[in-house]
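User: Please take one part of this model and examine it closely, then set it in the context of the rest of the chain. A plain account will do.

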Amino acid sequence: MIDKTDRKLLNLLQQDSTLSLQSLAEAVNLTSTPCWKRLKKLEDNGIIRRRVTLLDSEKLGLGLTAFMFVKTQKHSKEWYQTFVGLINELPEVMGCYRMSGIYDYLLQIQVADMKSYDALYKRLVEGIEGLTEVTSSFSMEEIKYTTALPLKP
């Protein structure tokens, strides 16, 4: 289990993963070696999955965010593996969730424009049989976006 110091380290890293080991150690009142051991343990236990750089999609020409809702009549293991395989091959799919409720899957998609979205849509519906409904909503404005989990101190 993680303790208060681990939570503080995780919160610091969620805000800036480029902080040096020395800066992290000072912020949690540790020396470098015990701080490094804590970070290594958090990585080994899979709590820290990876460290990444967040990019500005607008500035990179990928300004259209779509949320695609998918229904299927197929629920076999083979169908699922095919679906997941295709989703993992599509870099435009930023997130994919198996859902409860009306739709079976929710995909978050990031593309340049509607033409790019349509090309992705066609690849998906042509590549997967058994889809009974595919509908999408498009983001008009990003009001809040974070990757930071709400860890309590």
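Analyst: The expected span of a helix is taken here as 1.5 Å times one less than its number of residues. Helices are DSSP runs of H or I with at least four residues, strands are runs of E with at least two, and both are numbered from the N terminus. The model is predicted, so local features need pLDDT of at least 70 and side-chain atom pairs count only at pLDDT 80 or more, while totals for chains, interfaces and linings use all residues. Residues are numbered from 1 along each chain as its sequence is written, and side-chain values use heavy atoms, leaving out hydrogens and water.

The part chosen is α5, residues 114-127. Its 14 residues should span 20 Å at 1.5 Å a residue, and the end C-alpha atoms are 20 Å apart, which agrees. The buried residues of α5 (under 20% relative accessible area with a 1.4 Å probe, protein chains only; exposed is over 50%, partly exposed in between) are Y117, L120 and L124. Seen down the helix axis, these buried residues fall within an arc of 65 degrees, so they line one face of α5; the arc is that of the directions from the axis to the C-beta atoms. An α-helix has 3.6 residues a turn, so residues three or four places apart point the same way. On the face of α5 turned away from the buried side are the exposed residues K115 and E126.

The buried residues of α5 pack against β1, α4, β3 and β4 (131-138). L124 shows this in detail: leaving aside neighbours within four places in sequence, it is in contact (heavy atoms within 4.5 Å) with M68, L86, I87, L90, L107 and L131.

L124 also belongs to the largest nonpolar core, a set of buried Ala, Val, Leu, Ile, Met, Phe, Trp, Tyr and Cys residues joined through side-chain atoms within 4.5 Å. This core has 19 residues, and those with the most contacts inside it are M68, F83, L107, I109, Y117 and L124. At least two of its residues come from each of β1 (64-72), α4 (77-89), β3 (105-111) and α5. A second, separate core of 10 residues includes L10, C35, L39 and L42.

Of the residues named in that second core, C35, L39 and L42 are the buried residues of α3. They cover an arc of only 60 degrees around the axis, which puts them on the same side of α3. They pack against α1 (4-15) and α2 (21-27), while K37, K41 and D44 are exposed on the face of α3 turned away from the buried side. L42 is also among the contacts of D6, together with M1 and R38, when neighbours within four places in sequence are left aside. D6 lies in α1 and counts as buried because its relative accessibility is 9%.

For the chain as a whole, the secondary structure comes to 5 helices and 4 strands, in the order α-α-α-β-α-β-β-α-β from the N terminus. Buried residues make up 24% of the 153 residues. The radius of gyration is 20 Å, whereas a compact globule of 153 residues would have one near 15 Å; the value is taken over C-alpha atoms, and the globule rule is 2.2 Å times the number of residues to the power 0.38. Along the principal axes, the C-alpha atoms fill a box of roughly 55 × 40 × 25 Å.
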